[in-house]
Amino acid sequence: MEKTLKKYFPVFVLPTLIAFSFSFLIPFIQGVYLSFCNFTTVGNAKWVGLSNYKLAFSAGEGFGRAFLFTAAFTLVAVVTINVLAFLVALLLTRKLRGTNFFRTVFFMPNLIGGIVLGYTWQQMINAVLHQHGVTIVSDPTYGFIGLVLLMNWQMVGYMMIIYIAGLQNVPGELIEAAQIDGATAMQTLFRVKIPMVMPSITICIFLTLSNSFKLFDQNLALTAGAPMKKTQMLALNIYDTFYGKNGYQGVGQAKAVVFFVIVAAIVVAQLLVTRRKEVEQ
Amino acid sequence: MRNKLGKTLTYLVLIAVTVVVLFPLFFILLNSFKGKFFISKQPFDLPVGNLFVGLENYTNGLLKTGLLQAAGWSFFITVVSAGLLILFTSMTAYYLTRVKTAWTNALYFLFVFSMVVPFQMVMFTMVDLAGKLHLRNPLGMCILYLGFGAGLCVFMFAGFVKSIPMEIEEAAMIDGCNPLQNFARVVFPVLRPTAVTVAILQVMWIWNDYLLPYLVIGVSTPYKTIPVVIQMLVGTNGNKDMGALMAMLVLSILPIIIFYMACQKYIIEGVVAGAVKG
């Protein structure tokens, strides 16, 4: 059977492979190479070794600042989103009437795209700040808080759904047994429910982590990095280097490689954590 | 007694969260009916009396942005790309799972690897290549989306193909099916639930995607998509027409909410399945 199937390679694999080469394979290889070159278009590249990488980390480039902003935002967003989502999931697994309605409404913001969402929140936050004579770009703190609020609004419902699925899989007998043994509601939560939903917690933490870390659209729409690029996240900083400064395309590409390495490290960490958990079970 | 109190409290909290979730949507809806100069001065007032301007913001906005045309292109690109992705990546995933060689293993690894790579890594070189291949048009976009979506789609389909017992396919082969017929009549029908999941994830991503259409198609062509048009409306003119912006935001969100209400069960299930696997 395998032999006959093999003859059908051009039908089964080739269309996907060709498109995949255009969008990913060839650009990726070119991208790695060009990070060591000076260029303004792909055609006029000149090898310059590691100088793009050195420039990428120089103070004027704002890459380090963007990293710190991104890291701080990611940390706050991951914690707030997951705590809120878990609390809401707890409320929605108490077998009350109307649970389905609330679940449906809470999940909805997740479907709205980053650009549309970013401007909706920008308008609303500005409406509030306007009463005090300022706007969201008057102070980087506003931009930071705005991004955290927006991200929570978008992702709490999504994570909540995953936590609900996890909580529903906790066997009822286990909770009953704990209650018969005289465990308080708090003890049941921390000693039974949370340990039992650890796999969901791992998934949610990594989903929020990588989504927050790679954030672009929301950042562009909400503040576009203003004021003075102080609310610029990594993805936007790279974009800005590519398209905002002529002659700096090589530096942008070098930054993109660094960005890729960080993201890959996060994914590897996730795999390691998940695999260790599987062994324990 | 204590139980009843707890119940009431729970409902109060849930209703409060509902208000927070719906508030931004009502905010833009209400403001889309207000005169543009009132929006910044009285952002939280109801659009009544002299604040109310009827559909003026909508007609203004549509004329200024061409949002309807953008919606058409968004729809075209989303539907065609998702269709191509479902068709071709399910076949690829099937092939890579059933034919076991070093090559197919390497290829599968490359697809999975591409999921890890952030867009910024390939964005500049991809746009350049797309230009050389004459792909900077709506159909070209669909081919690019096939390539970008392939990683996740192949991964999800392959996970499911592994669980299909070989026996049913062998029976079909003995009955004289060639691999294509076998795939279309035996394998794909079994894959349908996964196909729905994959389709929903891809549709949501492509419909909302901003950077790829912005970079590949750009702003000076008639083929702009909704996110590109919204970004242009705000990004280009310093003296913003906030009324038009509000109206266009409402119109952009409307199709998503209709889509969600029509198939929310599949959407929620699909997104959860995608999250757990990705």
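Colleague: How many disulfides does the structure hold over all chains?

Modeller: Zero disulfides, over all chains. A disulfide here is a pair of cysteine sulfur atoms within 2.5 Å. This is a predicted model, where local features need pLDDT of at least 70, side-chain atom pairs count only at pLDDT 80 or more, and totals for chains, interfaces and linings use all residues. Residues are numbered from 1 along each chain as its sequence is written, chains are lettered from A and ligands numbered from 1 in the order written, and side-chain values use heavy atoms, with hydrogens and water left out.

Colleague: Why is Cys153(B) not in a bond?

Modeller: The closest cysteine sulfur, in Cys142(B), is 14 Å from its own, too far for a bond.

Colleague: Is Cys153(B) buried or exposed?

Modeller: Buried, with a relative accessible area of 0%. Cys142(B) is buried too, at 1%. Buried means under 20% relative accessible area, exposed over 50%, partly exposed in between (1.4 Å probe, protein chains only).

Colleague: New topic. How many residues does the contact take from chain A and from chain B?

Modeller: Chain A gives 83 residues and chain B gives 91. Contact means heavy atoms within 4.5 Å.

Colleague: What is the area buried between chain A and chain B?

Modeller: About 8100 Å², with 80% from carbon and sulfur atoms. That is the accessible area (1.4 Å probe) that two parts lose on being put together, summed over both.

Colleague: Which helix of chain A gives the most to the side that touches chain B?

Modeller: Helix H3, residues 14-34, with 17 residues. Helices are DSSP runs of H or I, at least four residues, numbered from the N terminus.

Colleague: How many salt bridges cross the interface of chain A and chain B?

Modeller: Zero, by the rule. The rule wants a side-chain nitrogen of Lys or Arg within 4 Å of a carboxyl oxygen of Asp or Glu.

Colleague: And how many over all chains?

Modeller: Seven. One of them joins Lys245(A) to Glu61(A), with the closest N and O atoms 2.7 Å apart. The two residues are 184 apart in the chain. Lys245(A) sits in the loop between helices H13 and H14, and Glu61(A) in the loop between H4 and H5.

Colleague: Which of the pair is buried?

Modeller: Glu61(A), at 9% relative accessibility. Lys245(A) is partly exposed, at 32%. Both belong to a network of salt bridges with Lys255(A).

Colleague: What about Lys132(B) and Asp128(B)?

Modeller: Their side chains meet in a salt bridge, 2.9 Å from N to O. Both lie in helix H6 of chain B, four residues apart, about one turn of the helix.
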